[in-house]
Amino acid sequence: MAVTFSNLHTEGGLKALESFLAGKSYISGDKFTKDDVRVYAAVHGVPGDSFPNVCKWYNSVSSKLASSFPGKAAGVGVGGAAAPAKEAAPAAAGDDDDDLDLFGDETEEDKKAAEEREKAKSSTKKKESGKSSVLLDVKPWDDETDMKKLEEAVRSIEMPGLFWGASKLVAVGYGIKKLQIMMTIVDDDVSVDTLIDEYLTVEPRNEYIQSCDIVAFNKI
């Protein structure tokens, strides 16, 4: 059965590995295999004392690998985040544990995970750029309408992706003024038609608002 370990450079990843190794000597059971090499490569150094099972396993794998790579280490530092460990090629019949293949082909699982990450990035970029600036005319019923309360009624509408901006009163005639107000919307989250038909011109806001018109609509 395939087992997947993620983020072994983090405490959460090490906790999962700690739990998995309870009662086990190695990743695939009681024998050292190339599964241990792959997981070992993804762990950043000797784990702390809070992960006793991982420490015991890590030291055991280290000793196995040391016998396969003779010679004294001169000391080499590696900067940056570690690259994901690749799948080790299956061992051919009769291969010894000492004959280790540390580099293998990328698995279908790895490819699928990479594709999902790219899709998520593309989706985020699309949402961030899909915004519009809208100028609305909000008209009262008559010259006796309280325009301050009318504007409060408009700005009381809150929803994800809707941001109210500057506003001003514009004379229409016969003592009547209309409210002109700017707003910024996230296109995927807010429909201006729905905002007008289902929020602005229905109860209780239609006590002050007679109608709304879109004066300008510009993509950002």
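Q: A nonpolar core is a set of buried Ala, Val, Leu, Ile, Met, Phe, Trp, Tyr and Cys residues joined through side-chain atoms within 4.5 Å. In the largest one, which residues touch the most other members?
A: First, the ground rules: this is a predicted model, where local features need pLDDT of at least 70, side-chain atom pairs count only at pLDDT 80 or more, and totals for chains, interfaces and linings use all residues. Residues are numbered from 1 along each chain as its sequence is written, and side-chain values use heavy atoms, with hydrogens and water left out. "Buried" is under 20% relative accessible area, "exposed" is over 50%, and "partly exposed" is in between (1.4 Å probe, protein chains only). The largest core has 22 residues, and the ones touching the most other members are L136, V138, V154, M183 and L200.

Q: Which elements each supply at least two residues of this core?
A: Helices (H or I, at least four residues) and strands (E, at least two) are DSSP runs, numbered from the N terminus. Another core, of 18 residues, lies apart from this one and has F5, F32, V39 and L65 among its members. For the largest core, the elements that each give at least two residues are β1, α5, β2, β3, α6 and β4.

Q: What does L200 touch, not counting residues up to four places away in sequence?
A: L200 is one of the core residues that touch the most other members. A contact takes heavy atoms within 4.5 Å. With sequence neighbours up to four places away left out, L200 touches L136, V154, I157, L195, R205, N206, I209 and C212.

Q: What is the strand order in the open sheet?
A: From the N terminus, the chain runs α-α-α-α-β-α-β-β-α-β. The four strands make an open sheet with antiparallel pairing (strands pair if DSSP finds at least two bridges between them), in the order β2-β3-β1-β4.

Q: Which are the edge strands?
A: Two strands of the sheet pair on one side only. Neighbouring strands are turned by 20° against each other on average, direction ignored; axes are lines fitted to C-alpha atoms, for helices over the stretch in contact, and angles run from 0 to 180 degrees between N-to-C directions. The edge strands are β2 (162-173) and β4 (209-219).

Q: What is the bridge partner of S133 in β3?
A: Strand β1 (131-140) runs antiparallel to β3 (176-186), and eight bridges join them. In that β3 strand, the partner of S133 is T184.

Q: Which residue in β3 does W164 stand opposite?
A: β2 and β3 pair over nine bridges, again in the antiparallel sense. Opposite W164 in β3 stands a residue that also belongs to the core group touching the most other members. That residue is M183.

Q: Which helix runs at about 165° to β4?
A: Helix α5 (147-155) lies across β1, β2, β3 and β4, at about 15° to β3. Another helix, residues 192-200, also lies across β1, β2, β3 and β4. The one at about 165° to β4 is α6.

Q: Is Y174 buried or exposed?
A: Y174 is found in the loop between β2 and β3, a hairpin with two residues between the strands. Its phi is near 60°, a positive value in a residue other than glycine, while most residues other than glycine have a negative phi. With a relative accessible area of 82%, Y174 is exposed.

Q: What is the relative accessible area of N7?
A: N7 sits in the segment before α1. N7 has a positive phi of about 50° although it is not a glycine. N7 is partly exposed, at 49%.

Q: Which residues does a cis peptide bond join?
A: Look in the loop between α6 and β4, where P204 lies. Omega there is about 0°, and the cis bond joins E203 and P204.

Q: How far apart are the C-alpha atoms of H9 and P47?
A: H9 is in the segment before α1 (11-20). Leaving out residues up to four places away, H9 touches A42 and H44. H9 and P47 are 38 residues apart along the chain, with their C-alpha atoms separated by 9.5 Å.

Q: Which residues of helix α2 are buried?
A: The helix covers residues 34-42. T33 caps its N-terminal end, with a side-chain oxygen 3.2 Å from the backbone nitrogen of D35. The buried residues of α2 are K34, D36, V37, V39 and Y40.

Technical notes: Polar contact = N/O pair within 3.5 Å; in protein donor to acceptor, adjacent residues only side chain to side chain.
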